[in-house]
Amino acid sequence: MIIDHPLLGPRDAAEFTYLGDATLINRPDPAAPDAADGFYEYLYLRDNPAGEHNELWYHEQGDRAWLVVSRNTLTHEITKVELARDVALRLGRDR
Amino acid sequence: MSQINRIKGGLIDRSQKLEFRFNGRVFHGHQGDTLASALLANGQRLVGRSFKYHRPRGIFTAGSEEPNALVQLRSGAFQEPNTRATVAQLFDGLEATSQNHIGSLDFDLMAAVDLMSPFLSAGFYYKTFMWPKAFWEKLYEPIIRKSAGLGSLSMREDPDVYDKGFLHCDILIIGAGPAGLSAALSAGRAGVRVILADEDFVLGGRLNSETFVVDGQPGGDWAARALAELASLPNVRIMARTTIWGAYDHGVFGALERRTDHLAQSAGHPRQILWRVTAKRSILAAGSIERPIAFGNNDRPGIMLAGAVRTYVNRFGVAPGKQVTVFTNNDDGWRTATDLAQKGVRISAIVDSRDIAPLTSLPDAEIVMGGRVVDTAGRKGISTCTLANGQKIKTDCLAVSGGWSPNVHLTCHQRGRPEWQSDIAAFVPGQNLPANMAVVGTANGLLTLGEALRSGHQIAEGTVSDLGFTAARHSAPVADNEASGVSAFWYVGESRKRAWLDFQNDVTVKDVKLAYAEGFRSVEHLKRYTTLGMATDQGKTANIPALAIMAECTGKTIPETGTTIFRPPYTPVPIGALAGRSRGKDFRPYRLTPSHKWAKQNGASFVEVGNWLRAQWYARAGEKGWRNSVDREVTMTRNSVGICDVTTLGKIDIQGRDAAQFLNRVYTNAFLKLPVGRVRYGLMLREDGIAYDDGTTARLGENHYVMTTTTANAGLVFQRLEFARQCLFPGLDVHLISVTDGWAQFAIAGPNSRKLVQKVVDGLDMSNEAFPFMACAETTVFGGTKARLFRISFSGEMAYEIAVPARLGNSMMQGLMEAGAKFDAVAYGTEALGVMRIEKGHAAGNELNGQTTALDLGLGGFMSKKKDYIGKTLSERAELTHEDAMRLVGFRPVERSKPLVAGAHFIAQGQEANTENDEGWMSSVAFSPTLGHSIGLGFIRRGHVRMGEVVTAYSPARGGNIAVEIVSPHFIDPEGGRQRG
């Protein structure tokens, strides 16, 4: 596969390591009253969609950026690639 | 015997006579021959024995689809089994042997198996060798493997070199036959970057095998001119002997280029190169594969595909027989008769299954329309064939054509499903091709030459403008559309004898019918039950006829019955090519520590730790075995001073205004108030609350920290920190860089360490007041060498670590040893390091094993209650904090002379040793030279409140039971006076 890195352009997937579902960005609020349940779901419950999937890839053999890659798990078509940091900031994780 | 079947013509160089051996006999051929064509030229029809029944088999095709003619090439360590003789280019000195027979090829002792064939039908092994179960491994399997083997491996290391490489292009054209060449001309002339790859060593595809005319020139000449033009274009790369064997996502293709397979010796060059080709577009021009018709005894040597017979006659100047019979269901088969007749080869008969008017007439040749071949005779090769009307025809070569199947292989690699096209009775590529692939020529079901040339031209022009280039103004090459009528005909129902479908795996028409009768009706089940299409040729000639027979059984149409799809590789790819240069130590290279040279000169034995090679111990003259050396290194360190290269620990430079905040979130313990010039131990958890890694972090400046990690986790911790930085805390101003390889770091431990460090550090006050335990500083050593100094201890002794730029590491080691000579300083390796950390009770990899919590490790005090950190919430789960949890404690044998065993499980004394009574395990053991007996660290339930209790350490596999006493994990200096002193 070829991943179109937002900063470095198209790169071979072999340069990356794969983590999984991009919901791992949404670390729950540890101060919430139901934090334990939140962390349980965050850590163990994931969707496994046949189709569009947002997932985390790490450019280990490159600039060490974490990317959010939107990939169709059936066709491997990649429709969007963003810096995970940008996604996290957009989700309000700036503190 | 000289080349008795050689006739005039062909693309061989008769001025170059090549000598080769087949089964030890000397033969001759010419440059441009394949092993198959050279064997046929010499009248050698029998070339191997079949897989299951040991039937005599000959050359069946002229290409990579060959099911029969598998041979072993070369000898010694170069021995190469299961090579298709039809694609092995002949060279002077080639040695080939036939496979799968016991005794000689002519008199295979296993041929008797064929007499047992009534018992060996589909599913025979499944049905027969089921019981008794114990017989399978010892008796059945070895016998079956021996009798049903293919070639054998040399069992020696392959002396050849294999390489890997990357290629990029705008358009990859797969196949250099008429359609591929036509496409390449259009694309090449337009200026796009083209790779034109073909598995053959002479490009041109069927143009070299036929007597076609293109643009008014003989087809082969046209192909040669086209190739010469392409070779002159700087934007075109022509790759002969290169198989595109896999189509992967996003335009990535696997290609195997055979660089020296056709030479006697590789002479230092890579034998084969595995390319990863990335192409914006691909044009598949893979041609088509002729398929046989099944009839009784259709597997005898001398029975060949009709198109292959034309290839041998037209391209190689070889007549595969002197009296040739053609059996066909299509117009194409007739061209074999006319081409051969033109070359003076006698045609005995043309048998066409269709009830139509004869296409032509040939003098001497009998023409049988609506005819069928039901049986053949001839012990080691065909001598007669019998028709359905009872007529016997004398023939030494039977050319069979059941029509042509487009080569859809690569279109299926991303689950594309071929579609049935009834007018040509064949599957063609379906709608869901790999992205950006187009198919041209006969591969797309366009079975005539004129169409193939036109489609190649047209598709390439479209692709070129798609890519934003302007197509060059030239018209498509022109050729007539030859007669290509076909009428589906798969097998001769009147045959009473076995009729083969899959030659390599010996699957017959009867086997397919039996599979159906036994309920295996899906194509996938049929395949697995009969092994049809599962041999090294992957059923290239067999799958479609078998599917047609299955369709007939079920009363469905062929498209309703379905088809199997293909997966990579198209043809076998040697493991050596997949490995490339990653062999032996290069498979997983290790890094050398900065002081490696010094260590080697000083008697070190080495061990792989993580991806490093570290000194394990340094043997001195007179020491008997490793324990002597390790005991000495520990004792000398604890008595005076020892030096160890600890460069391999991960080092991460952390800078930024929010660096402290960042550390505070990734470590369990507080980091906000660590002063500049101080070091702190830190523990990391996984988000699920399990302990992950530990190390120290030094604050070198206001916004500058340097973290150490364990050797094994250096890369992973860095990755996790980047995840935390970018994904979890993107608002923090913090930056990370790995400096593990930048600094050589040495531990200097022992009561004399301060004196030694004072000697090498430039003018820094080393007194306990000025530079206490857990202090750090940036300084210089040995008169100006940049260095970092840390007062940290893993051994429990007063200890320092000094880091210098990595390139100075070896001199540093040497300098430290020289400066320490008056204190009798000793270099110690990883074993002594391990012994001392066990004596001190520090957790390492054996304890941080991904199952243990901070509480288990006795590090509960490092879990801050005042802040959040990664892993905090889930570390508070009841399951991880209950009363009965494991605790890390020390163990010593009640009978002190006994050695402890790591991995032993703890059972209360007098209890039965079973899982229910299992209370924990021993994680690390060592002989303590300081204490004079074996000591261990381990986890046991409520260990911290069971001091002094005696339990059984149970290790049935490694030495039985031993009584051990639970003690503090800190075997030496539990108060820590030494390291603070």
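How many residue pairs are in polar contact across the interface of chain A and chain B? The rule finds 12 such pairs, both residues being at pLDDT 80 or more; a polar contact is a pair of N or O atoms within 3.5 Å, where within protein one must be able to donate a hydrogen and the other to accept it, and residues adjacent in sequence count only if both atoms are side-chain atoms. The model is predicted, with local features needing pLDDT of at least 70 and side-chain atom pairs pLDDT 80 or more, while totals for chains, interfaces and linings use all residues. Residues are numbered from 1 along each chain as written, chains are lettered from A, and side-chain values use heavy atoms, without hydrogens and water.

At the same interface, 3 salt bridges are found (a side-chain nitrogen of Lys or Arg within 4 Å of a carboxyl oxygen of Asp or Glu). Arg276(B) forms a salt bridge with Asp12(A), with 2.9 Å between the closest N and O atoms. Contact (heavy atoms within 4.5 Å) joins 34 residues of chain A to 29 residues of chain B.

Turning to the interior, the largest nonpolar core (buried Ala, Val, Leu, Ile, Met, Phe, Trp, Tyr and Cys residues joined through side-chain atoms within 4.5 Å) has 51 residues, and Ile59(B) is among those with the most contacts inside it. A second, separate core of 40 residues includes Leu24(A) and Cys727(B). Cys727(B) counts as buried because its relative accessibility is 0%, the cut-off for buried being under 20% relative accessible area (1.4 Å probe, protein chains only).

Methods:
Buried < 20%, exposed > 50% of the residue type's maximum accessible area, 1.4 Å probe, protein only.
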